[in-house]
Amino acid sequence: MRTTVGIIGGGPAGLLLARLLHRAGIDCTVLESRDREYVERRQRAGILEQDTVDVLRACGAGERMDREGLVHDGIELRFDRRSHRIDFPSLTGGRRVMVYAQTEVVKDLIALHLSDGVPLLFGAAVRAVEGADTDRPVVRFEHQGREETLTCDWVVGCDGFHGVARSAVPERVRETYERAYPYSWLGVLADVPPSCDELVYAHSPRGFALHSMRSPEVSRLYLQVPNGTDPADWSDERVWDELAARFAVDADWELERGPITSKAVLPMRSFVTEPMRYGRVFLAGDAAHIVPPTGAKGLNLAAADVTVLARAFVHLEETGSAELLDAYSDTCLRRVWRAEHFSYFMTTTLHTDPGQSGFQTRLQLSQLDRIASSPHAAAELAENYTGLPFG
Ligand code: FAS
Ligand code: PHB
């Protein structure tokens with residue numbers, strides 16, 4: 001098999017990159033190891049930044065998002081049994097976010113690829129990327145029981161944290177930076193209308209909790225749990241009792257309960273690999289970086305990477321200049337590290353480390369009080385949360 005851009009991974013990064021390249025008339029092939037149903041059902045992110053929304057609309061993938069997505073103008077912070085709303089448009093000159101699950105973005109992009117006939121192979125497990133430093137890198141993969149090869153001009157690893165593309169960057173040139181957190185998230189989906197109009201991020205002595213949503217009928221909630229937690233140890237009643245305790249506030253507010261339809265534990269990790277390119281192999285999305293989801297950055301960083309990369313491929317096609325391709329890694333890493341810092345800030349300010357000192361807790365509450373009382377501090381959070389422009 002032969003293609004101009006070989007894309008490893010059919011998650012949001014790979015699918016959006018393929019959409020952008022296809023619309024620009026650049027030939028590409030997506031190799032996804034799992035089957036379509038698995039990829040479309042995998043519960044993950046829920047918040048789209050302004051620029052992610054704009055890119056999806058611009059490439060013709062925003063129609064259902066605009067119909068079914070929920071535009072949000074702010075979030076609520078809860079701490080010390082108090083509530084404080086952060087208004088995004090007034091603090092950022094009009095930026096807002098969209099609640100539209102990653103599962104839906106993936107479904108929309110897959111449907112477009114299949115209707116446009118873009119080569120998207122499911123069950124295609126990439127084993128290796130060879131010749132990254134040659135003009136013809138080769139992707140070796142297994143598909144329908146056969147060993148296959150895809151010869152490319154360029155390869156983009158969109159295969160997530162556990163993918164193989166990162167290994168195409170030789171260890172001698174690769175730097176990795178990472179931090180593990182002493183807690184995880186227990187994420188639940190529940191068939192119950194959200195008890196809030198906008199997302200609620202709660203700091204409490206019992207630990208962090210987040211109230212998000214998927215639709216007017218479905219709530220998405222998370223609570224901080226110890227690493228190694230088994231979701232089976234958390235009955236619906238225990239989940240709701242703990243969430244209610246953590247969202248408790250001195251106001252007339254009650255957490256609505258309902259049947260929980262899915263539970264999963266998500267470890268928290270910060271990770272960056274540099275550079276995001278070696279020869280003719282590029283890395284995008286979780287293949288290059290991971291953030292704890294407290295800042296709702298993961299999916300949006302992936303969208304930003306592939307937007308920058310698609311523009312660089314178009315520039316090469318139109319001008320013959322590889323200057324934007326050569327700048328890709330540095331261009332993306334500046335945004336990646338900003339998102340890494342914001343995600344780290346939101347995570348360490350809102351979560352209670354096991355055995356945390358009273359001094360640390362007072363620092364957290366002082367920081368949250370500063371955000372609640374200073375428009376400058378609130379604007380810093382709002383600008384980061386709604387996302388820095390893709391440029
Ligand atoms: P993905 O991991 O989504 O996609 C990579 C794709 O490559 C997968 O489909 C995989 O099957 C495929 N692949 C892997 N190896 C392959 C191989 N060898 N050959 C072929 N294909 C291969 N972010 C948030 O903002 N909010 C959240 O609440 C949130 N929750 C998350 C929960 C979990 C359990 C995880 C793991 C991540 C979560 N994230 C969240 C982050 C998540 O949304 C990612 O940022 C986003 O999926 C990144 O997209 P991709 O880079 O496309 O990587
Ligand atoms: C979600 O809706 O899944 C979600 C929202 C905000 C976050 C993390 C996850 O920070």
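Helix axes here are lines fitted to C-alpha atoms over the stretch in contact, and the angles run from 0 to 180 degrees between N-to-C directions. Keep in mind that everything below comes from a predicted model.

**View 1. Helix α1 against helix α8.** Here we look at α1 (residues 12-23) and α8 (residues 298-319), whose axes sit 9 Å apart at an angle of about 30°. Angles under 35 degrees count as roughly parallel, so that is what α1 and α8 are to each other. The handedness of their crossing is right-handed. On the α1 side, the residues in contact are Pro12, Ala13, Leu16, Leu17, Leu20 and Leu21. They meet a set from α8 made up of Leu299, Ala302, Ala303, Val306, Thr307, Leu309, Ala310 and Phe313. Sorted by class, this α1 and α8 contact comes out at 13 nonpolar residues, one polar and no charged ones.

**View 2. Helix α1 against helix α6.** Now for α1 and α6 (residues 102-116), which pack at about 40° with 10 Å between their axes. That angle makes α1 oblique to α6. This crossing of α1 and α6 is left-handed. From α1 come Pro12, Leu15, Leu16, Ala18, Arg19 and His22, and from α6 come Gln102, Val106, Leu109, Ile110, Leu112, His113 and Asp116. The class tally for α1 with α6 is eight nonpolar, three polar and two charged. Pro12 and Leu16 turn up in the α8 contact and again in the α6 contact.

**View 3. Helix α8 against helix α9.** Next up is the pairing of α8 with α9 (residues 323-350), at an angle of about 165° and with axes 9 Å apart. Anything over 145 degrees counts as roughly antiparallel, and α8 and α9 are therefore just that. They cross in a right-handed way. Residues of α8 in this contact include Leu301, Asp305, Leu309, Arg311, Phe313 and Leu316. Among their counterparts in α9 are Glu323, Leu325, Tyr328, Cys332, Arg335 and Ala339. By class, α8 with α9 gives 13 nonpolar, two polar and four charged residues.

**View 4. Around ligand 1.** There are 31 residues around ligand 1, and Glu32, Arg42, Arg44, Gln102 and Asp286 come nearest. Glu32 has a side-chain N or O atom 2.7 Å from an oxygen of the ligand. Tyr222 also puts a polar side-chain atom 3.2 Å from an oxygen atom of ligand 1. With Gly298 the backbone does the job: one of its N or O atoms is 3.3 Å from an oxygen atom of ligand 1. Gln102 appears in the α6 side of View 2 as well.

**View 5. Around ligand 2.** This ligand has 15 residues around it, the nearest being Tyr201, Ser212, Arg214, Tyr222 and Pro293. Tyr201 brings a polar side-chain atom to 2.7 Å from an oxygen atom of ligand 2. For Ser212, the distance from a polar side-chain atom to a ligand 2 oxygen is 2.6 Å. Tyr222 has a polar side-chain atom 2.6 Å from an oxygen atom of ligand 2, on top of its contact with ligand 1.

**View 6. Two loop details for backbone watchers.** The peptide bond running from Glu274 to Pro275 is cis, with omega near -10°. Pro275 belongs to the loop between β16 (260-274) and β17 (277-278). Asp80 has a positive phi, near 55°, despite being a residue other than glycine. You'll find Asp80 in the loop that links β5 (74-79) and β6 (82-87).

Note on methods: Residues are numbered from 1 along each chain as its sequence is written. Chains are lettered from A and ligands numbered from 1 in the order in which they are written. This is a predicted model: local features need pLDDT of at least 70, side-chain atom pairs count only at pLDDT 80 or more; totals for chains, interfaces and linings use all residues. Side-chain values use heavy atoms; hydrogens and water are left out. Helices (H or I, at least four residues) and strands (E, at least two) are DSSP runs, numbered from the N terminus. Angles under 35 degrees count as roughly parallel, over 145 as roughly antiparallel, 65 to 115 as roughly perpendicular and the rest as oblique. A crossing is left-handed if the near helix is turned anticlockwise from the far one by less than a right angle, and right-handed if clockwise. Contact means heavy atoms within 4.5 Å. Ala, Val, Leu, Ile, Met, Phe, Trp, Tyr, Cys and Pro count as nonpolar, Asp, Glu, Lys and Arg as charged, and the others, Gly among them, as polar. A residue is near a molecule or strand if one of its heavy atoms lies within 4 Å of it. A polar contact is a pair of N or O atoms within 3.5 Å; within protein, one must be able to donate a hydrogen and the other to accept it, and residues adjacent in sequence count only if both atoms are side-chain atoms.
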